[in-house]
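Work through these exercises with the model open beside you. Try each task before you read its solution.

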Amino acid sequence: MRYVVLIAYEPGEWEAADEEARQELFDAHHAFERFVDEHGSRRESAALADAETATTIRHRAGGPVVTDGPFVELTEQVGGYYDVELPDLDTAIAAAKLLPRSYTVEVRPTVQVEGYEGR
């Protein structure tokens with residue numbers, strides 16, 4: 001089964017962290033990656049630029065409207081993701097629990113949309 005693991009964090013957390021706290025964050029990510037590699041596979045992962053760099057497109061009656069910034073106001077922001085293949089949701093949750101405790105993590109299965117042949 002394929003899952004996307006979305007990582008949300010408090011802005012400024014990384015900048016405020018000392019070397020020890022940063023190493024703890026790295027160690028948690030490495031534990032997650034080892035777990036996934038042992039139980040399935042990692043397809044892709046990436047950190048994202050801050051939400052202030054986002055561009056949002058909303059469709060209105062007059063056509064698409066492009067604005068700078070994130071689509072919603074939140075205290076947390078999505079900061080990265082993992083695209084993984086694991087046997088089941090329980091295994092994906094066990095992996096996600098290894099990520100840093102300061103994060104909010106969302107595990108979501110991917111779906112195939114009938115009739116769509118995208119890559």
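**Exercise 1.** Classify Arg43 as buried, partly exposed or exposed, then find its salt-bridge partner Asp83 and classify that residue too.

*Solution.*
- Step 1. Recall the classes: buried means under 20% relative accessible area, exposed over 50%, and partly exposed in between (1.4 Å probe, protein chains only).
- Step 2. Arg43 has a relative accessible area of 43%, so Arg43 is partly exposed.
- Step 3. The side chain of Arg43 meets that of Asp83 in a salt bridge, 3.8 Å from N to O. A salt bridge needs a side-chain nitrogen of Lys or Arg within 4 Å of a carboxyl oxygen of Asp or Glu.
- Step 4. Arg43 lies in strand 2 (residues 41-47) and Asp83 in strand 5 (residues 77-85), so the pair ties together parts that are 40 residues apart in sequence. Strands (E, at least two residues) and helices (H or I, at least four) are DSSP runs, numbered from the N terminus.
- Step 5. Asp83 has a relative accessible area of 7%, so Asp83 is buried.
- Step 6. Arg2, Arg43, Asp83 and Glu85 are linked in a network of salt bridges.

This is a predicted model: local features need pLDDT of at least 70, side-chain atom pairs count only at pLDDT 80 or more, and totals for chains, interfaces and linings use all residues. Residues are numbered from 1 along each chain as its sequence is written, and side-chain values use heavy atoms, with hydrogens and water left out.

**Exercise 2.** Which residues form salt bridges with Arg42?

*Solution.*
- Step 1. Glu33 and Arg42 form a salt bridge at 3.8 Å, N to O.
- Step 2. Asp37 also bridges to Arg42, with the closest N and O atoms 2.8 Å apart.
- Step 3. Compare the classes. Glu33 counts as buried because its relative accessibility is 17%. Asp37, at 41%, is partly exposed. Arg42, at 35%, is partly exposed.
- Step 4. Place these bridges in the total: the whole structure holds 6 salt bridges.

**Exercise 3.** Where does His29 lie, and which residues does His29 touch, not counting residues up to four places away in sequence?

*Solution.*
- Step 1. His29 sits in helix 2, residues 19-39.
- Step 2. His29 is buried, because its relative accessible area is 15%.
- Step 3. His29 touches Ile7, Tyr82, Leu99, Pro100 and Tyr103, leaving out residues up to four places away in sequence. Contact means heavy atoms within 4.5 Å.

**Exercise 4.** What is the order of elements from the N terminus on?

*Solution.*
- Step 1. Count: there are 3 helices and 6 strands.
- Step 2. Read the order: β-α-α-β-β-β-β-α-β.
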